[in-house]
Amino acid sequence: MSHPLSRTLLIGGAIAGLIAAAVTPAGAAGSGGPGGGRGGGPITAPPDKIVIELATVNGSGCREGTAEVAVAPDNTAFTVTYSEYLAQVGPGAPPTAFRKNCQLNLRVHVPSGFTYAIVQADYRGFAFLQPGAWGQERASYYFQGMPQTSQRTHQFNGPFNDNWQATDKTEYADLVWAPCGEKRNFNINTELRVNAGTSNPQAVTSFMAMDSTDASVNTLYHLAWQVCPGR
């Protein structure tokens with residue numbers, strides 16, 4: 001299911017507070033980024049506000065009305081909170097419930113002469129996994145029309161009955177930057193998967209969730225910024 005969301009994220013000048021430690025000095029950018037070796041380089045943040053529109057949401061883990069997006073209070077990142085993102089196996093679970101996914105399609109408007117990348121993503125949720133069962137959280141990131149895709153997978157093995165957390169962090173030299181001077185949507189695909197393993201799904205239930213009624217349990221995306229070449 002696809003639906004537009006009216007929420008617009010305004011990310012201000014303090015956006016890089018959480019990612020400052022991950023950004024190398026301008027002289028160390030090398031040739032991997034848009035400005036490396038050509039007059040560009042990492043910056044704290046563009047001087048003007050950044051507008052991010054969550055254009056569409058698709059997937060079995062985020063049907064209409066179950067995904068909320070908000071700006072962090074200090075404007076350093078944006079968060080996504082889900083209310084029905086749960087994968088499970090066990091008595092009464094539909095055959096397709098073992099895997100749930102969600103694709104976020106972001107339209108990011110940045111001032112001319114600047115580009116951005118996702119430097120870190122923090123995922124949180126709760127899992128109940130029987131002995132012998134396992135669960136996975138997987139995420140991939142890519143810009144529309146570009147072949148580069150960054151994918152990360154985190155596995156949790158049963159027995160497990162607790163909150164879980166997974167962090168995807170990319171070294172600065174390996175960041176995939178938005179093309180300078182082009183408008184391309186940024187896509188974030190996430191997936192939860194539960195496998196019964198050696199447990200008996202006819203008798204016991206295992207599940208993994210990325211949702212919560214507690215607003216502090218969410219997905220947090222940190223941004224890095226860079227000056228485009230020639231600016």
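Me: Before we look at the empty spaces in this predicted model, which residue types count as nonpolar?

Reply: The classes used here are nonpolar, charged and polar, with Asp, Glu, Lys and Arg counted as charged and Gly among the polar residues. The nonpolar class is made up of Ala, Val, Leu, Ile, Met, Phe, Trp, Tyr, Cys and Pro.

Me: How do the residues lining the second largest cavity divide by class?

Reply: The second largest cavity, with a volume of about 30 Å³, is lined by Ile-52, Phe-78, Leu-106, Val-108, Tyr-116, Ile-118, Phe-186 and Leu-223. S7 and S8 are the elements that give two or more residues to this lining. Tyr counts as nonpolar in this scheme, and the division of the lining is 8 nonpolar, no polar and no charged residues.

Me: Which element gives the largest share of the lining of the largest cavity?

Reply: The search of the whole structure finds 2 cavities of 30 Å³ or more, and the largest cavity holds about 150 Å³ of space. Its lining has 15 residues, with Ile-118, Tyr-141, Ser-150, Thr-170 and Val-176 closest to the centre. Two elements, S8 and strand S9 (134–143), give two or more residues each to this lining, and the largest share, 5 residues, comes from S8.

Me: How many charged residues are in the lining of the largest cavity?

Reply: The lining of the largest cavity includes 10 nonpolar residues and 3 polar ones. The remaining class in that lining is the charged one, with 2 residues.

Me: What volume of space lies in the largest pocket?

Reply: The largest pocket is lined by 19 residues, and those nearest its centre are Val-108, Val-110, Gly-181, Glu-182 and Lys-183. Strand S7 (99–109) and strand S8 (114–129) each supply at least two residues of this lining, which divides into 9 nonpolar, 6 polar and 4 charged residues. The space in the largest pocket comes to about 330 Å³.

Me: Which side chain of opposite charge is nearest to Asp-168?

Reply: Asp-168, found in strand S11 (residues 160–169), is buried yet has no salt bridge. A salt bridge needs a side-chain nitrogen of Lys or Arg within 4 Å of a carboxyl oxygen, whereas the nearest side chain of opposite charge to Asp-168 is 4.8 Å away and belongs to Arg-152.

Me: What is the length of the polar contact that joins the side chains of Asp-168 and His-154?

Reply: The side chain of Asp-168 is joined to that of Tyr-141 by a polar contact of 2.8 Å. Another polar contact joins the side chains of Asp-168 and His-154, and its length is 2.6 Å.

Conventions: Residues are numbered from 1 along each chain as its sequence is written. This is a predicted model: local features need pLDDT of at least 70, side-chain atom pairs count only at pLDDT 80 or more; totals for chains, interfaces and linings use all residues. Side-chain values use heavy atoms; hydrogens and water are left out. On a 1 Å grid over the protein atoms alone, a cavity is a set of points where a 1.4 Å probe fits but cannot get out, and a pocket is an open set with protein on both sides within 12 Å along at least five of seven lines; lining residues have an atom within 4 Å of a point. Grid points are joined across faces, edges and corners, and a volume is the space filled by probe spheres set on the points. Helices (H or I, at least four residues) and strands (E, at least two) are DSSP runs, numbered from the N terminus. Buried means under 20% relative accessible area, exposed over 50%, partly exposed in between (1.4 Å probe, protein chains only). Lys and Arg count as positive and Asp and Glu as negative; His and the chain ends are not counted. A polar contact is a pair of N or O atoms within 3.5 Å; within protein, one must be able to donate a hydrogen and the other to accept it, and residues adjacent in sequence count only if both atoms are side-chain atoms.
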